[in-house]
Amino acid sequence: YRGCEGDSPNARIMCSLPCLVAAPRSYDIAIPIHRNTTHAARSRFSYGVATARRRHSARKRVFYASSDGDEGLTSSAEADMASKQETVPAVPEEQNTIAAQATALLAQAVANPLFYLVTGLGAVKFVAGSDAENEYGIFALAALPIVALTAISKTEVGKQVQQALEAKKPQLVAEATAAKESIKKAQAQSPFFGTERTRFLGGMAEQIGYEYPAYLDGSLAGDAGFDPLRLGESPQRLARMYEVELLHGRWAMLGIIGAMVPEVMTLAFHLDLGESVWWKVGATKLEGGVTLNYAGIEGFRIAGKQGIAVISACQAVLMGGPEYARQVGIESLEPVGIFLPGDAYYPGGNLFDPLGLANDPAAFTSQKVKEIKHCRLAMVAMLALFAQAFVTREGPIQNVLDFVHEPGQNNVFAYL
């Protein structure tokens, strides 16, 4: 009855009624009642309980506990009538808890990036070399993660998982806020953040009269004061540009690995991948319909036997879910009981930080700087791969081997 107007016993008991109305499940509720509470107030309270019970079909046994320690059921006719209301049998709390925990674990498994690898391994037995390896089976397999997460969120157990997360969310938010404050303190002590950080011109800026943009204040990882075109002058645009840089940089790091590893596996281990040169894969699929197997393992593929249209459709479905989640924000997985403690740039949690690197604020601050540096290097390297492919018509590994074999003949000057 906290927050009631008036402090009389009658007011206290009547203000306790909303607690019963809002109670979601069946359980015993003990409400303290002052010994001086009038019989009329007790009767009005009992009538209110009966009304709430009829509306919610919830079974509630109401005990009156007097201030001197005596307990007993109300003898009023209304309370007796309330106890006889027809109710829906309640599911045991242990079963609800086990089902909710299992559903939460399933949702985390499906949302985990490793699920895609497991799905690919399952495809070896499920679709490869079988009647299921057709457009419909492949598309259904690609759509499995997003469909599974959506289905989980719509089930009754999924709603219980979401309710359980909502109950714990204040504590989780408080812990996330404390962690972010620790990271801010670590950034303040880092030589890569703040006004004393190293910038791209160093001490030459004063000599040549260059003024660093004021909005680049050293709060972002990798901020070297470089924005000669003033593209990030608007705070909204600066946040967007930083997000896009991280996004493209992470894709570039994956792209560099994806461009080089197949060629290495073919040249060094003589594995038949169908086509190992990254920029020739699309043309090969269009011309000859070659089958592409991951790591050269026969059958280890999802859409490697299909045409460009099916591959594109599967890619759209596989990436549609993550892209939608990225647009919605880190709250997008909360309907399936997954709380991400970070922000849009670094979501964190078990899904995006399984090694717990963010648990150490100083190490996490250093990792952010290293990541953005590698992102920028990978984007430049990816641009170089495009240029090499256009000029030499070979893969990057073959270009390196040719240079090592005859450096005087195979270099950039030979193509000028």
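Let's start at one particular spot: His270, which sits in the loop between helix H10 and helix H11 (281-288). Keep in mind as you look around that this is a predicted model. The backbone at His270 has a positive phi of about 55°, although this residue is not a glycine. That deserves a second look, because most residues other than glycine have a negative phi. His270 has a relative accessibility of 67%, so it counts as exposed.

Arg393 offers a similar case. Its phi is positive as well, at about 60°, and Arg393 is not a glycine either. You will find Arg393 in the loop between H14 and helix H15 (396-405). Is it buried or exposed, or something in between? With 45% relative accessibility, Arg393 counts as partly exposed, because that label covers values from 20% to 50%.

Now step back to the whole protein. It contains 15 helices and 3 strands. Of its 416 residues, 33% are buried. Among contacts with a separation of 6 or more, 63% are made by residues 24 or more positions apart.

Helix H14 (residues 361-392) is a good guide from here. How does it meet helix H8 (residues 156-189)? Their axes come within 8 Å and cross at roughly 65°. Angles of 65 to 115 degrees count as roughly perpendicular, and H8 and H14 are therefore described that way. The crossing of H8 past H14 is right-handed. On the H8 side, the contact is made by Ser182, Ile183, Ala186 and Gln187, while H14 brings Pro361, Ala362, Phe364, Thr365 and Lys368. Sorted by class, this contact has 5 nonpolar, 3 polar and 1 charged residues.

H14 also packs against H10, this time at an angle of about 55° and with the axes 7 Å apart. H10 and H14 are therefore oblique to each other. Their crossing is left-handed. Residues of H10 in this contact include Leu246, His248, Met253 and Ile256, and those of H14 include Ile372, His374, Met379 and Leu385. By class, the contact of H10 with H14 has 12 nonpolar, 4 polar and 4 charged residues.

Let's finish with the aromatic rings. A pair of such rings is described by the distance of the centres and the angle of the planes. How many aromatic pairs are there? The count comes to 8. In one of them, the ring centres of Tyr210 and Tyr212 are 5.4 Å apart and their planes stand at 85°, so the pair is edge-to-face. The two partners fall into separate accessibility classes: Tyr210 is partly exposed, with a relative accessible area of 24%, and Tyr212 counts as buried at 15%, because buried means under 20%.

Another edge-to-face pair joins Tyr242 and Tyr345, with 4.9 Å from centre to centre and 80° between the planes. Which parts of the chain does this pair link? Tyr242 belongs to helix H10 (residues 235-269), whereas Tyr345 lies in the loop between helix H12 (308-328) and helix H13 (349-352), so to speak 103 residues apart along the chain. Tyr242 has a relative accessibility of 6% and counts as buried.

Finally, return to Tyr210 and Tyr212. Ring pairs link them with Phe200 and Phe226 into a cluster.

Definitions and conventions. Residues numbered from 1 in each chain as written. Predicted model: local features only at pLDDT ≥ 70, side-chain atom pairs only at ≥ 80, totals over all residues. Heavy atoms only, no water. Axes fitted to C-alpha atoms, helices over the stretch in contact; angles between N-to-C directions. Helix = DSSP H or I, 4+ residues; strand = E, 2+ residues; numbered from the N terminus. Parallel < 35°, antiparallel > 145°, perpendicular 65-115°, else oblique. Left-handed = near helix turned anticlockwise from the far one by under 90°. Contact = heavy atoms within 4.5 Å. Nonpolar A, V, L, I, M, F, W, Y, C, P; charged D, E, K, R; others polar. Phe/Tyr/Trp six-rings, centres within 6.5 Å; stacked < 30°, edge-to-face > 60°. Buried < 20%, exposed > 50% of the residue type's maximum accessible area, 1.4 Å probe, protein only.
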